[in-house]
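Work through the exercises below with the sequence and the 3D view open. Try each task before reading its solution.

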Amino acid sequence: FAADVRAGLTKPNQKELLSKYLYDDVGSALFEVISHLPEYGLTRADERLLRRYAGDIVERLAGPVAVAELGSGSGKKTRQILEALCLRQKTRYYPIEISPTALAMCQRELSDIDCISIVGFEREYLDGLLEVAAQRRSGQHLLVLFLGSTIGNFDRMAGLKFLNQVRRILQPGDSLLLGTDLVKSSSQLLAAYADELGVTAAFNLNLLARINRELDANFDLSRFEHVAKINYESRSVEMHLRSTSRQIVDIPVANVAVEFLEGETIWTESSHKYSPDEVVQMARTAGFRCDVQWIDDEWPFAENLLIAE
């Protein structure tokens with residue numbers, strides 16, 4: 001954490017922090033609140049599609065299946081898939097999370113499903129998936145869940161690279177259920193990432209508070225403000241933290257003092273938006289066939305069932 005903070009905040013042109021560090025215990029709890037905000041329709045679209053099509057998804061899976069989820073969060077959305085699988089088999093479910101709090105929430109949320117055994121991994125996505133793949137039984141297929149719009153946190157080239165890395169871990173016939181947020185109006189996007197209650201602002205600012213807590217820094221949160229802006233070239237929404245004055249912040253554990261100019265920003269997250277055809281093409285390039293694509297009719301969002309070829 002200290003090394004990544006030092007590297008990101010000493011970049012010469014644009015300071016940045018990795019978005020994965022937004023999700024400590026406080027950040028994960030704040031994101032759960034964001035998912036219920038009226039402006040943020042993405043999570044509800046994800047849940048509607050899973051609730052409506054879980055049975056169809058499971059019917060399209062070949063043979064006995066184990067389920068691995070990259071970034072399970074609380075596990076609430078995953079319930080639909082697991083309960084549908086329970087109608088045909090006992091299932092081992094592997095949530096993979098960097099947040100121990102999220103893993104614990106997931107265990108509690110899904111522990112009442114009798115035919116599911118849960119084995120959590122507190123790992124980065126690919127490290128955890130490699131461990132799951134090593135435990136697969138003969139003849140068993142993997143269903144990998146990458147729900148929400150987490151793929152959108154990568155830029156397009158990095159997203160494609162990540163899908164390629166997932167594909168190399170899988171075997172032909174394995175599947176990936178990929179959630180992708182779709183292109184929508186600027187006003188709808190900005191409202192979703194800069195809500196009136198200020199929950200997203202608190203979520204973003206918590207990253208500075210985390211650096212204070214864990215790295216003994218002296219960020220004054222009152223001198224930074226949350227900013228959401230659209231990058232039309234990359235078709236993404238960016239979250240930044242903007243310094244409202246000239247200041248120097250000491251981060252002792254990272255062995256660095258960082259100067260901020262008034263108006264200078266820290267880039268903390270991007271969320272890229274896709275067209276349905278673009279998702280199909282990206283999947284094909286990474287070695288998957290898009291078997292079916294379900295699109296929500298209230299909030300443009302797609303669940304894509306990809307089969308490893």
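The exercises go from the whole chain to single residues, and the model is a predicted one.

**Exercise 1. Work out whether the chain's radius of gyration agrees with that of a compact globule.**

Solution.
- Start with the length: the protein chain has 309 residues.
- A compact globule with 309 residues would have a radius of gyration near 19 Å.
- The protein chain has 20 Å, which agrees.
- Now add the extents. The C-alpha trace spans about 60 × 40 × 35 Å along its principal axes.
- Then check burial: 53% of the 309 residues are buried.
- Last, look at contacts between residues at least 6 apart in sequence. Of these, 72% join residues at least 24 apart.

**Exercise 2. Describe the exposed surface and the charges of the protein chain.**

Solution.
- The chain exposes about 13,500 Å².
- Carbon and sulfur atoms supply 50% of that area.
- Count the charges: 34 are positive and 44 are negative.
- The mean positions of the two sets lie 4 Å apart.

**Exercise 3. Find the order of strands in the open sheet of 4 strands, and name its edges.**

Solution.
- The chain holds 10 helices and 14 strands in total.
- The order in this open sheet is 1-12-9-8, and the pairing is mixed.
- Strand 1 (15-16) and strand 8 (224-231) are the edge strands, as each pairs on one side only.
- Inside the sheet, strand 9 (residues 236-243) and strand 12 (residues 265-272) pair in the antiparallel sense, over 7 bridges.
- For one such bridge, take Leu241: its partner in strand 12 is Ile266.

**Exercise 4. Decide which faces of strand 7 are covered.**

Solution.
- Strand 7 covers residues 175-181, and 7 of its 7 residues are buried.
- Take one side: Ser175, Leu177, Gly179 and Asp181 are all buried.
- Take the other: Leu176, Leu178 and Thr180 are buried too.
- Both faces are therefore covered.
- Next, find a pairing partner. Strand 6 (residues 141-146) runs parallel to strand 7, and 4 bridges join them.
- Leu145 stands opposite Leu177 of strand 7.

**Exercise 5. Is Ser35 buried or exposed, and which residues does Ser35 contact?**

Solution.
- Locate Ser35: it sits in the loop between helix 2 (25-34) and helix 3 (42-59).
- The relative accessible area of Ser35 is 8%.
- The cut-off for buried is under 20%, so Ser35 is buried.
- Set aside neighbours within four places in sequence. Ser35 is then in contact with Tyr40, Thr43 and Arg44.
- For a distance check, use Ser185, 150 residues from Ser35 along the chain: their C-alpha atoms are separated by 19 Å.

Definitions and conventions:
Residues are numbered from 1 along each chain as its sequence is written. This is a predicted model: local features need pLDDT of at least 70, side-chain atom pairs count only at pLDDT 80 or more; totals for chains, interfaces and linings use all residues. Side-chain values use heavy atoms; hydrogens and water are left out. Helices (H or I, at least four residues) and strands (E, at least two) are DSSP runs, numbered from the N terminus. The radius of gyration is taken over C-alpha atoms; the globule rule is 2.2 Å times the number of residues to the power 0.38. Buried means under 20% relative accessible area, exposed over 50%, partly exposed in between (1.4 Å probe, protein chains only). Contact means heavy atoms within 4.5 Å. Accessible areas come from the Shrake-Rupley method with a 1.4 Å probe; for residues, only the protein chains shown count as cover. Lys and Arg count as positive and Asp and Glu as negative; His and the chain ends are not counted. The place of a charge is taken as NZ of Lys, CZ of Arg, CG of Asp or CD of Glu. Two strands pair if DSSP finds at least two bridges between them.
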